[in-house]
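Please open the model in a viewer and keep the sequence panel beside it. The tour proceeds by selection, each stop stating what to pick and what is found there.

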Amino acid sequence: MNLLKKLESHKLLLFVLKRLSEGYKSSDGRIYLVGGAVRDLIIDGEKINDLDILITSGYPLDYAENLKNEGLTDHIRGESIYNTAKLIIEYQKKSFCIDINHARTEQYINPGSLPEIEWVDSLFFDVSRRDFSINAIAMSLNSDSFGEVLDYLNGIEDLGKKKIRVLHNDSFIDDPIRIFRLIRYMKRLGLTIEGNTKSLLKNAVIDNLLANVSGDRIFDELVKCLSEEYSHLYFEAFDTYGIFKDFHFDTTALKRFEKDPSFITMKGDNSLDTILLKILLLGSPVFLQYNMPKGYKRFIENYLNNCIEWKKRILLTSSDSELHGIASSLQDESILAIAFSSVPEDKACALIKHYFSSLKWMKTHLTGRDLISMGVEQGKQISIILGEILEEKIQGNIEDSLEAEIEFIEKKLGRNV
Ligand code: CTP
């Protein structure tokens, strides 16, 4: 198989690959594209931005410096742990993240720990250490065979049969994080698990191999799943295979949100933290055992402890202004989680939708500066008056126009209008 034809419909990618090929100046080495990018090219995936480049001779960092000297990139980062290089190539407003590795074998001394590696000059040994057959396909970037596919481990056949298959029986023992990777590929690419791989997965769960993996790595994987459009499917699969043992995920609310996120995007608010929202929608304390960023832990604990009470308060509101008062005192992620955790016919759900689709976005036309120029004294008074205007608007006492707000202020200042 040769992928040159397919690459013609990925013009920017083809340009970058050609330049990567030309920039590799080795008399005895070979250069390949491997892993996800080749897999996605074969199945006609759309976004191919992460490129894993493999060289069989020379130092990745020297090669990367070469590319920099040729003006292909400004951003290079060496990673000392495996002697690899990472770089970013920006071309016609598109960014490609490139990992450059030397071909290597890996030996896992303890399950879940980082492997000991040895550089080799064989593509075959390198692809054999990898997780799944579908990720072990390579494409030549050498000028004598550019685009040619090297599929030593029958990944293309598995892609055709829509199967995910490990390359050897110790795969999950070597690196238990592959349990999550398997679920991710399975759900993202619509694959089923090959028979032997399924038995190995079940044994890996029974043997609790994930206990050997750091919480940070597990949380990273969970975030990758939550970043997918239909992440509820991934959490359902965790339950199907008992991956979190005593924890069971109720995905009802998450599913509701993912099937209809429309009213959130209605007003184009980009500030929403959808990962956090999805964690709240799952409502599971399982996340609390990991180190989480940006005060997530406190936020999630607060939600789990208070969401019932918050919902009661929302239900007890009898005016838009009360609803606005309560809802605006909570974070958007919390009230949205309450909305989607309620059945759509629920009154709380309707109230929150109303808040989110209209009340939340109500603003005063007048600014603090306007008030000062109208004669209001600078200081605390400004925000109090702006609050008053907003309140009057929510209650429907002031029309939603600049003129109506000015009239309100003039009256308040005792002037004739
Ligand atoms: N890999 C592996 N075992 C792991 C992690 C990665 O064997 N625990 C190998 C796989 O061959 C994978 C490659 O390293 O293809 C690069 O990993 P990564 O960038 O995480 O995955 P991609 O294949 O690029 O797939 P995607 O980014 O689409 O998830």
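**Stop 1: Around helix 16**

Begin with helix 16, whose buried residues are covered by elements including helix 15 (296-316), helix 17 (332-341), helix 18 (347-357) and helix 20 (380-394). The model is a predicted one. Now select residues 320-329, the extent of helix 16, and highlight L323, H324 and A327, which are its buried residues. Looking down the axis of helix 16, one sees these buried residues within an arc of 100°, so they line one face of the helix. The general rule behind such a pattern is that an α-helix has 3.6 residues a turn, so residues three or four places apart point the same way.

**Stop 2: The loop at G283**

Next select G283, in the loop between helix 14 (274-282) and helix 15. Is G283 buried, partly exposed or exposed? It is partly exposed, because 18 other C-beta atoms lie within 10 Å, whereas a buried residue requires 20 or more. Add D250 to the selection: 33 residues separate it from G283 in sequence, yet the C-alpha atoms of the two are 7.8 Å apart. Neighbours within four places in sequence aside, the contacts of G283 are D250, L304 and S341.

**Stop 3: The domains**

Zoom out and colour by the domain assignment, which gives domain 1 (4-160), domain 2 (162-246), domain 3 (250-359) and domain 4 (368-413). Between the centres of domain 1 and domain 4, taken over C-alpha atoms, the distance is 61 Å.

**Stop 4: The open sheet**

Show the strands of the open sheet: there are 7, in the order 3-4-5-2-1-8-9, and the pairing is mixed. Strand 3 (75-79) and strand 9 (149-150) are at the edges; each has a single partner strand, so one side of each lacks a neighbour in the sheet. Then add helix 2 (residues 11-23), which packs on the sheet and touches strand 1, strand 2, strand 4 (84-91) and strand 5 (94-102). The direction of helix 2 makes about 135° with that of strand 4. Helix 4 (residues 60-69) lies across strand 2, strand 3, strand 4 and strand 5, and runs at about 20° to strand 4.

**Stop 5: Strand 1 and its partners**

Select residues 31-34, which form strand 1; 4 bridges join this strand to strand 2 (residues 50-55), and the two run antiparallel. In this pairing, I31 stands opposite I55. Strand 8 (residues 138-140) is also antiparallel to strand 1, with 3 bridges between them, and there V34 stands opposite A138. Which residues of strand 1 are buried on each side? I31 and L33 are buried on one side, Y32 and V34 on the other, and both faces are thus covered.

**Stop 6: The nonpolar core**

Keep A138 selected and show its contacts beyond four places in sequence: Y32, L33, V34, V38, L54, L123, V127 and L150. A138 also belongs to the largest nonpolar core, which has 90 residues; Y32, L33, V38, I53, A138, L281 and I352 have the most contacts inside it.

**Stop 7: The turn after strand 4**

Finish with Q92 and K93, both in the loop between strand 4 and strand 5. Phi is positive in each although neither is a glycine: near 45° for Q92 and about 65° for K93. Q92 counts as exposed because 7 C-beta neighbours lie inside 10 Å, and K93 counts as exposed with 6.

Notes: Residues are numbered from 1 along each chain as its sequence is written. This is a predicted model: local features need pLDDT of at least 70, side-chain atom pairs count only at pLDDT 80 or more; totals for chains, interfaces and linings use all residues. Domain bounds come from an automatic or database domain assignment. A nonpolar core is a set of buried Ala, Val, Leu, Ile, Met, Phe, Trp, Tyr and Cys residues joined through C-beta atoms within 7 Å. A residue is buried if 20 or more other C-beta atoms lie within 10 Å of its own, exposed if 12 or fewer, and partly exposed in between; C-beta atoms are placed from the backbone. Two residues are in contact if their C-beta atoms, placed from the backbone, lie within 7 Å. Two strands pair if DSSP finds at least two bridges between them. Axes are lines fitted to C-alpha atoms, for helices over the stretch in contact, and angles run from 0 to 180 degrees between N-to-C directions. The arc is that of the directions from the helix axis to the C-beta atoms.
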